[in-house]
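Colleague: Could you take one part of this model and go through it closely for me, then show me what lies around it? I'd like plain words and the cut-offs as you go.

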Amino acid sequence: MYRFLLTPRWWAINVFLLLSIPFCVFMGSWQLGRFEDRVDNHREAEAQVADAKKDKPRPLDDLLPVTKATSGKQATATGRYDTQLLVPGRTLDDKDGYYVLTLLRTGTGRALPVVRGWLPGEPDPAKAPAPPAGEVTVTGALQASETPGSNGVSARSGLPEGQTAAISAASLINLVPYDVYDAWVTLNRGDSGMRAVPASAPGGTGLDLKAFQNLGYTAEWFAFVGFVIFMWFRLFRRELELARDAELGLGPAADTAHTTDAADAADGDDVPRQASGVSSPVQ
């Protein structure tokens, strides 16, 4: 009854089964490892940001360009506040609001974007506190330029005058007539009664879409293992039922033989029969 397992067709099915299961398990484990690595990187990045608050502030130029190692570090810069912009669509503690971003003109000829704080509600220039006059020294967490459309940063355009969607040199260079640092700083303490904006982990180290894609791929690979095993048992059961039917004479071969016998009998009925008692003519 199980002789069908020795046919070339079933040899191919069994070889595919034996090769696909360990391959799927390996790929699923690899994707799971990638997800766990991203989780570990996320925890390390958060710990780095927390530890960076305890570090002694360093001059801004000593920390540039911004890397994963310098992101979140305490930076200090001196200059005069100039243009002020609002950054809409920013949440803090699950509340909608906006950042108050002011550009600090430094002695290098470039301006440093400084997030002085966060305010709730819709952006309103009248509610945003004016920056301090004269020369000031700011201290805060160094952050890399934002990329529109990623990590919750809006990519919308056509904002009202005095607003920007992303804090990046590429966006700000079109709004001010001077060079801008490819970085920004969020103050450790909110200025003029505003809430301070906490530093975020470096880009590429958080639990972003790619991390959850790895988790989804893990589930898909392990689900495919179950699917392959299910299909093998389904084919095996079907083949076994056909073998049993054949032994009982219920298979397609028996139906074909029965049809052939019936056809032969029907053909025999079509042959003219000679009437009883009538001799055939002498040839």
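Modeller: I'll start with how far to trust the model, then go through strand S2 and its partners, and finish with the helices.

This is a predicted model, so to speak of local features I need a pLDDT of at least 70, and side-chain atom pairs count only at 80 or more, while totals for chains, interfaces and linings use all residues. Numbering starts at 1 along each chain as its sequence is written, and side-chain values use heavy atoms, with hydrogens and water left out.

The chain averages a pLDDT (the predictor's confidence in each residue, from 0 to 100) of 83, and 79% of its residues score at least 70. Confidence is highest in strand S4, residues 111–120, with a mean of 97, and lowest in helix H4, residues 252–269, with a mean of 50. Over residues 274–283 the pLDDT is below 50, and beyond near neighbours in sequence that stretch makes two contacts in the model (heavy atoms within 4.5 Å).

Overall, the chain has four helices and six strands; these are DSSP runs numbered from the N terminus, H or I of at least four residues for a helix and E of at least two for a strand. Along the sequence they come in the pattern α-β-β-β-β-β-α-β-α-α. Of the contacts with a separation of 6 or more, 67% are between residues 24 or more positions apart.

Now to strand S2, residues 74–92. Here, strands pair if DSSP finds at least two bridges between them. Strand S1, residues 58–59, runs parallel to S2 over two bridges, and Pro59 has Thr76 in S2 as its bridge partner. With strand S5, residues 135–144, S2 pairs antiparallel over seven bridges; one of the matches there is Thr78 with Thr137 in S5. S2 is also joined antiparallel to strand S3, residues 95–106, by ten bridges, with Arg80 partnered by Arg105 in S3.

S2 and S3 make a hairpin with two residues between them. Asp93 sits in that loop with a positive phi of about 55°, although it is not a glycine. Asp94 is in the loop between S2 and S3 too, with a positive phi of about 65° despite not being a glycine. Most residues other than glycine have a negative phi, and most peptide bonds are trans. Asp93 has a relative accessible area of 52%, so it counts as exposed; for Asp94 the value is 80%, which makes it exposed as well (under 20% is buried, over 50% exposed, partly exposed in between; 1.4 Å probe, protein chains only). On the other side of S2, the loop from S1 holds Pro65, and a cis peptide bond with omega of about -5° joins Leu64 to Pro65.

Two arginines go with tyrosine rings. Arg105, the partner of Arg80, lies over the face of Tyr178 at 4.0 Å from the ring centre. The charged end of Arg116 is over the ring of Tyr81, 5.8 Å from its centre. To count, NZ of Lys or CZ of Arg must be within 6 Å of the ring centre and within 35 degrees of the ring normal.

On to the helices. The whole structure has six aromatic pairs. In one of them, the ring centres of Trp10 and Trp232 are 6.0 Å apart with the planes at 90°, so the pair is edge-to-face. Trp10 belongs to helix H1 (residues 8–52) and Trp232 to helix H3 (residues 209–247), so this pair links parts of the chain 222 residues apart. Both of these tryptophans are buried. Phe23 and Trp221 also pair edge-to-face, at 5.6 Å centre to centre and 85° between the planes, and this pair again links H1 to H3, across 198 residues. Phe23 is at 46% relative accessibility, so it is partly exposed; Trp221, at 25%, is partly exposed too. The pairing rule takes Phe, Tyr and Trp rings (six-membered ring of Trp) with centres within 6.5 Å: planes under 30 degrees apart are stacked, over 60 edge-to-face, the rest tilted. Ring pairs also tie Trp10, Trp232, Phe233 and Phe236 into a cluster.

Lys210 is another residue of H3, and at 52% relative accessible area it is exposed. Its C-alpha is 8.7 Å from that of Phe35, 175 residues away along the chain.
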